[in-house]
Amino acid sequence: MSTNSSTMPMTPPKELFNLDNPVFCCYLFWATVLVVKMLLMSLLTAVQRFRFKIFPNQEDLFFKNTEVQFNDPHVERVRRAHRNDMENILPYFIMALIYISTNPDATVACNLFRVASLARIVHTLVYAVYPVPQPSRIIAFGCMLLITFYMAAVVALRTLSFI
């Protein structure tokens, strides 16, 4: 059910943010997937550190003949991908919750959540796991960015008359 028309009654907020709302449930599922993905990035960083014996602290040196190092390209690639997640996924989470408050069409909203989440998974795969030449990464990055901007535009347009 959508409230695109100003004549339609507004759904009370308590009904938008509970498990009876399929849009909110879809958001919760895909947000959980993205949180787990981000947590796995920390583990991937650790795997890369052990794989290439690159440790940033003296107390972390488990192997003989190793020195403290900071700029290994394998470790740094995963760290950059993780930082990119934090820079993009966290604002997306906030914008998506605000978007849910506009009571969007369930099919549109759920597909936006799915595509955005899958795009971030692909971004991680082509950036940190198995690097692929551009434009693969920019397409994956751009998908979530455009979806976040779309949701922001919808919210802005639906609330413009209240300012």
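## The loop between α4 and α5

P135 sits in the loop between α4 and α5 of this predicted model. Look at the bond just before P135: Q134 and P135 are joined by a cis peptide bond, with omega at about 15°. That is worth a second glance, since most peptide bonds are trans.

## How α4 and α5 pack

On either side of this loop lie the helices themselves. Helix α4 spans residues 106-129 and helix α5 spans residues 136-159; their axes are 8 Å apart and make an angle of about 150°. Angles over 145 degrees count as roughly antiparallel, so α4 and α5 are roughly antiparallel to each other. The crossing of α4 past α5 is left-handed.

On the α4 side, the contact includes V108, L112, F113, R120, H123 and Y127, while α5 contributes residues including S136, R137, F141, M144 and Y150. Sorted by class, the contact comprises 16 nonpolar, two polar and two charged residues.

## N84, a neighbour from α3

Helix α3 covers residues 73-100 and holds N84. Is N84 buried or exposed? Its relative accessibility is 16%, and under 20% counts as buried, so N84 is buried.

Leaving aside residues up to four places away in sequence, N84 touches R120, H123 and F141. R120 and H123 of α4 and F141 of α5 also take part in the contact between those two helices.

## N103 in the loop before α4

N103 lies in the loop between α3 and α4. Although N103 is not a glycine, its phi is positive, at about 55°. Most residues other than glycine have a negative phi. N103 is also buried, with a relative accessible area of 9%.

Notes: Residues numbered from 1 in each chain as written. Predicted model: local features only at pLDDT ≥ 70, side-chain atom pairs only at ≥ 80, totals over all residues. Heavy atoms only, no water. Axes fitted to C-alpha atoms, helices over the stretch in contact; angles between N-to-C directions. Helix = DSSP H or I, 4+ residues; strand = E, 2+ residues; numbered from the N terminus. Parallel < 35°, antiparallel > 145°, perpendicular 65-115°, else oblique. Left-handed = near helix turned anticlockwise from the far one by under 90°. Contact = heavy atoms within 4.5 Å. Nonpolar A, V, L, I, M, F, W, Y, C, P; charged D, E, K, R; others polar. Buried < 20%, exposed > 50% of the residue type's maximum accessible area, 1.4 Å probe, protein only.
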